[in-house]
Amino acid sequence: MRDRIYELLSDALPAVDFDSDFLFSELDSLGITIILMVLSKEYDIELGAKDVTPKNFKSIDSLVQMIEAKLNAKL
Amino acid sequence: MILTLEQSIKHFASATPDKIAVVCGSDSITYAQLWDSIVQRSAELVEQGIKPSRPYVYRATQNIDFVVTYCAVHNIGAIAVPLEAQAPEESLQTIRAEVDGCSFASDIVDILYTTGTTGKSKGVMLSERALVACTENFIVDLGFDSDLMFIVSGPLNHIASLFKILPTLSCGGTLCILNGLKDINAFFEVFELPYKKFATFLVPASISLIMQLSYDKLCSLADKIDFIETGAAPITRHDMERLSKALPHSRLYNTFGGTEIGAVCTYNFNDGRYMEGCIGCPMKNSNVEVTAEGNIVVSGLTIMNGYVADEESTNRVLRSGKIYGSDLGYIDEEGMIHLKGRQGDVINVGGFKIDPSEVESAASSCEMVSDSVCVAAEHPIIGTVLKLLVVLTQGAEFDKRALAQHIKSKVEPYKVPTYYEVVDSIKRTYNGKIDRKFYKK
């Protein structure tokens, strides 16, 4: 899942360094919105403002954790 | 009589010393502390050798310290030249060299760099008269007062955010600085602070984003939001209507302005008509007329003195005390002004006016790029974004990420295209220029 998310997001936001551990500080509101749109479409989950936290957007790994938690909650 | 920003802060430092003037995250500063900080910073600037009518170039950090420096520069009679916080070092040095080589009239207080009406980045010289007139326009036509907390989330080197410091603190209100809207929860947390009423400026893309992500939360703030001002880019009728439904009692303004002209017109679209493109009537210190060709011409106290070191561009835009910009429009039977679009090649992304040739120039220095054209594209939520059509150098492999990173190293982040497409060739006119009309279709 990590590789897929990395690939999807790098394609959608090529100027962003998704290897960063300070991802939230690299992004602007456009970037955040695009990430929410890409991930909610790919995994058919609802993502909203409450999910936009510095913790969830700290790195690619924290985004993976957020998606995994959302998918588990759906089960 | 409207005082200057610094005179007002000094006044409130004495009249309401303990009132909070500015909030930023967990930091806050009272009017008395703000004035003390300005006085102290003024002394530091003098010690650094900053002299009256000389420019002080600095990065616009999104915090209280920015406000202190901005006011201190004015306080010693120098000229504030705030640049984008993430401006590349190269841009900073270029601008510093440009302004250091010029002399300025004694009434110039700000130089704001913008792509504005002309496309190329230019330093717009603004006088104290223009700042005071803009302040009065906002206070009278939007209704700033001392009970208001005004939230600025946009970059403080941009006039739309920078000039909200003026009416907020000139009325004895409280300014709240946010670092963009990416932490949307931080934006909503501001409304939990103990203030009677709130107001903010949001570009249309941010309004769209907030309604997309948190419509219910926005509705729950209906009684707290005194007004929202938008501008810098067109807002759709759909978004006007939806925002009006969320905030039925709030004033919702679509303001027309620019770095060269200041804040000029405003239209409260929460009137049941939601007129797309309408920018209302001129504010107190502004006049608007429309030429026979449909160009909007602005005059009045808020307009610029001219561009730094560019007499030719100044004379093209500023003639007989009137600014001839690129916006097209008409005046209806009620005297309300309506925008119909823009002449020229500038692309408006979320309020940032971008000259596509600057992006193409940055791309052209990347080895994989043989030719390119930067065009406007539509994003489902954000609205207009940049797209780069690229012709690859023979034998080169397309690496979108490497190209985006390359462009990012050359220009400000908002100028990096969102979309990329490899094409076989770029359509050019008979004399070799990019056929921009073709790409606008």
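Leaving aside neighbours within four places in sequence, N295(B) is in contact (heavy atoms within 4.5 Å) with E289(B), V290(B), G325(B), D327(B), L328(B) and Q343(B). The model is a predicted one, in which local features need pLDDT of at least 70, side-chain atom pairs count only at pLDDT 80 or more, and totals for chains, interfaces and linings use all residues; side-chain values use heavy atoms, with hydrogens and water left out. Residues are numbered from 1 along each chain as its sequence is written, and chains are lettered from A and ligands numbered from 1 in the order in which they are written.

N295(B) belongs to strand β15 of chain B, residues 295–300. Helices (H or I, at least four residues) and strands (E, at least two) are DSSP runs, numbered from the N terminus. The relative accessibility of N295(B) is 12%, so the residue counts as buried; buried means under 20% relative accessible area, exposed over 50%, and partly exposed in between, with a 1.4 Å probe and protein chains only. G325(B), one of the contacts of N295(B), offers its backbone oxygen to the N295(B) side chain at 3.4 Å.

A second buried position in chain B is V317(B), with 4% relative accessibility. V317(B) lies in helix α10, which spans residues 311–317. Its C-alpha atom is 9.2 Å from that of E260(B), and the two residues are 57 apart along the chain.

Chain B as a whole contains 13 helices and 24 strands. Its radius of gyration is 22 Å, which agrees with the value near 22 Å for a compact globule of 441 residues. This radius is taken over C-alpha atoms, and the globule rule is 2.2 Å times the number of residues to the power 0.38. Along the principal axes, the C-alpha atoms of chain B fill a box of roughly 70 × 55 × 45 Å. Of the 441 residues, 58% count as buried. Among contacts in chain B with a separation of 6 or more, 66% are between residues 24 or more positions apart. Chain B exposes about 18,300 Å², 49% of it supplied by carbon and sulfur atoms; accessible areas come from the Shrake-Rupley method with a 1.4 Å probe, and for residues only the protein chains shown count as cover. The chain carries 41 positive and 53 negative side chains, and the centres of the two sets are 3 Å apart. In this count Lys and Arg are positive and Asp and Glu negative, while His and the chain ends are not counted; each charge is placed at NZ of Lys, CZ of Arg, CG of Asp or CD of Glu.

Chain A has four helices and zero strands, in the order α-α-α-α along the sequence. The radius of gyration of chain A is 11 Å, close to the 11 Å from the globule rule for 75 residues, so chain A is as compact as a globular protein of that length. Its C-alpha atoms fill a box of roughly 35 × 25 × 20 Å along the principal axes. Buried residues account for 53% of the 75 residues, and 58% of the contacts with a separation of 6 or more join residues 24 or more positions apart. The accessible surface of chain A is about 3,900 Å², with 51% belonging to carbon and sulfur atoms. Its 8 positive and 14 negative side chains form two sets whose centres lie 7 Å apart.

In helix α1 of chain A (residues 2–12), the buried residues are I5(A), Y6(A), L8(A), L9(A), S10(A) and A12(A). Their cover includes α3 (29–43) and α4 (60–74) of chain A, together with α12 (400–410) of chain B.

Methods
Polar contact = N/O pair within 3.5 Å; in protein donor to acceptor, adjacent residues only side chain to side chain.
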